[in-house]
Amino acid sequence: MTSTAQGQFGPSVLVNNSAVTGYEIDQRAKLLDLFRTPGASRDLARDQLVEERLKQSEMNRVGLRLAEGGLEDALDEFAARADLTLDQFHTILAQDGVSPETLRDFVSIGVTWRDYIRTRYGSRVNISDAEIDRALSATGGGAEGIEVLLSEIIIAAPAEEAAQALVTAQRISQTRSTDTFSSEARSVSALPSRNNGGRLDWLPISNYPVQLRSLILDLGTGEVTAPIEIPDGVALFQMRGVREVSTPRPEPSEIEYAAYYIQGGRDAARQLGDRVDTCDDLYGIAQGQPAEVLERDSLPPAEIPQDVALELARLDPGEVSYNLTRANGQTTVFLMLCNRVTAGRENADREAVSFQLRSQRLASFADALLADLRASATIVNQ
């Protein structure tokens, strides 16, 4: 090996006897330059890598590892921010001389450290209504919105199967593996999303029932909610990602929807879906039938039944769902979202503000911990 190669792959910095090589610094510098990071340089690359050695040492101490499948999801999400697939992103990196391993290390440590900070300090962060009010007043209600990337399972649970469904849900709720959750979704979920392993696209957190939002936002990557009992079923959600968006969808003050009750099961509901385009079309379908077969409501999100709200969360106006049942599975609910009525400025997204404040508080804890780790570390330049 030449002296140049030895210098490149030899230690440039020792952090508690863990080496940071010249090659790693060179790779990170290229990555930062590609990302157009302000102040990108070899010095910044070196500092980041030293901090990551400190973070990794702390996570090794507590035995924390990224959940199975979590890194792949995080890499896919990272590439998607640039509207690229991971393969396309790797091609661009390769053109600038950046290896796939460099990206994997960068993303892996970031995701795992975030989960560790949430786990270690999450219980210490309590955001009061007064703090949210002050933040809304200071920003004029213009808080960034929150979107979540979830996977879902709903296990059908008519009365005679309810106990077994709950046992199954309890077992699944213990996993942190996205691959395992997807496999379970394909096996036991009653939703069409089972064909995609239960994976949903990005959705605003404001789409979900108010009583579930904090439960969802408290999940770390790979974590699963406790079983959520709904009529004739049990629901589970797994967190795959969370992000802030600068142009959020406004918080709805009311959600207008229609529910048409069918005795013919899901096949009849699918056929009906081909005949209606709007909620108004359902009046013609229900003509001459008892009034109770068609319900049309416009309600504040908190007043909508939870199982209905969960279905509406993934729908756009004019879209339908026929996943819900009534009468112990004998009646299929043909559910259509009519409209989301936007709230006024006075109803700005308090959940988004709370999330921002929580993130800021957790970042302060993380900075303080990192400073302690650096102060007690042995860092030697070679």
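**Exercise 1. State the handedness of the disulfide between Cys-279 and Cys-338, and place the two residues in the chain.**

Solution. Step 1: the torsion about the S-S bond of Cys-279 and Cys-338 is about -105°, so this disulfide is left-handed. The model is a predicted one.

Step 2: the sulfur atoms of Cys-279 and Cys-338 are 2.0 Å apart, and a disulfide requires cysteine sulfur atoms within 2.5 Å. The structure holds one disulfide.

Step 3: Cys-279 sits in the loop between α11 (265–273) and α12 (281–286), while Cys-338 belongs to strand β11; the pair links distant parts of the chain, 59 residues apart.

Step 4: both Cys-279 and Cys-338 are buried.

**Exercise 2. Decide whether Val-333 is buried or exposed, and list the residues that Val-333 touches.**

Solution. Step 1: Val-333 is found in strand β11, which covers residues 331–342.

Step 2: buried means under 20% relative accessible area. Val-333 has a relative accessible area of 3% and is therefore buried.

Step 3: leaving out residues up to four places away in sequence, Val-333 touches Ala-259, Tyr-260, Tyr-261, Ser-321, Tyr-322, Leu-324, Thr-325 and Arg-326.

Step 4: for a separation in both sequence and space, take Val-333 and Ser-12, which are 321 residues apart in sequence and 65 Å apart from C-alpha to C-alpha.

**Exercise 3. Describe the geometry of the aromatic pairs Phe-78 with Phe-106 and Tyr-208 with Phe-237, and say where these residues lie.**

Solution. Step 1: a pair of aromatic rings is described by the distance of the centres and the angle of the planes. The count of aromatic pairs comes to eight.

Step 2: for Phe-78 and Phe-106 the centres are 6.1 Å apart and the planes are at 80°, an edge-to-face pair. Edge-to-face requires planes over 60 degrees apart.

Step 3: Phe-78 lies in helix α4 (residues 70–80) and Phe-106 in helix α6 (residues 100–121), so the pair ties together parts 28 residues apart in sequence. Phe-78 counts as buried, at 17% relative accessibility.

Step 4: Tyr-208 and Phe-237 also form an edge-to-face pair, with 6.1 Å centre to centre and 80° between the planes. Tyr-208 is in the loop between β4 (203–204) and α10 (210–217), and Phe-237 is in strand β6 (residues 233–245), 29 residues apart. Both Tyr-208 and Phe-237 are buried.

Step 5: Phe-78 and Phe-106 are also members of one aromatic cluster, together with Phe-35 and Phe-89.

Step 6: another ring contact involves a charge, with Arg-243 lying over the face of Trp-202 at 4.1 Å from the ring centre.

**Exercise 4. Give the strand order of the three-stranded open sheet, and name the helices that lie on the strands.**

Solution. Step 1: the order is β2-β1-β12, and the pairing is antiparallel.

Step 2: β2 (18–21) and β12 (379–381) are the edge strands, each pairing on one side only. Neighbouring strands are turned by 25° against each other on average, direction ignored.

Step 3: β1 (residues 11–15) and β12 pair in the antiparallel sense over three bridges. Within this pairing, Val-15 stands opposite Ile-379 in β12.

Step 4: helix α2 (residues 22–34) lies across β1 and β2, running at about 55° to β2. Helix α3 (residues 42–62) packs on the sheet and touches β1, β2 and β12, with a direction at about 40° to that of β1.

Methods
Residues are numbered from 1 along each chain as its sequence is written. This is a predicted model: local features need pLDDT of at least 70, side-chain atom pairs count only at pLDDT 80 or more; totals for chains, interfaces and linings use all residues. Side-chain values use heavy atoms; hydrogens and water are left out. Helices (H or I, at least four residues) and strands (E, at least two) are DSSP runs, numbered from the N terminus. Buried means under 20% relative accessible area, exposed over 50%, partly exposed in between (1.4 Å probe, protein chains only). Contact means heavy atoms within 4.5 Å. Rings of Phe, Tyr and Trp (its six-membered ring) pair if their centres lie within 6.5 Å; planes under 30 degrees apart count as stacked, over 60 as edge-to-face and the rest as tilted. A charge sits over a ring if NZ of Lys or CZ of Arg is within 6 Å of the ring centre and within 35 degrees of the ring normal. Two strands pair if DSSP finds at least two bridges between them. Axes are lines fitted to C-alpha atoms, for helices over the stretch in contact, and angles run from 0 to 180 degrees between N-to-C directions.
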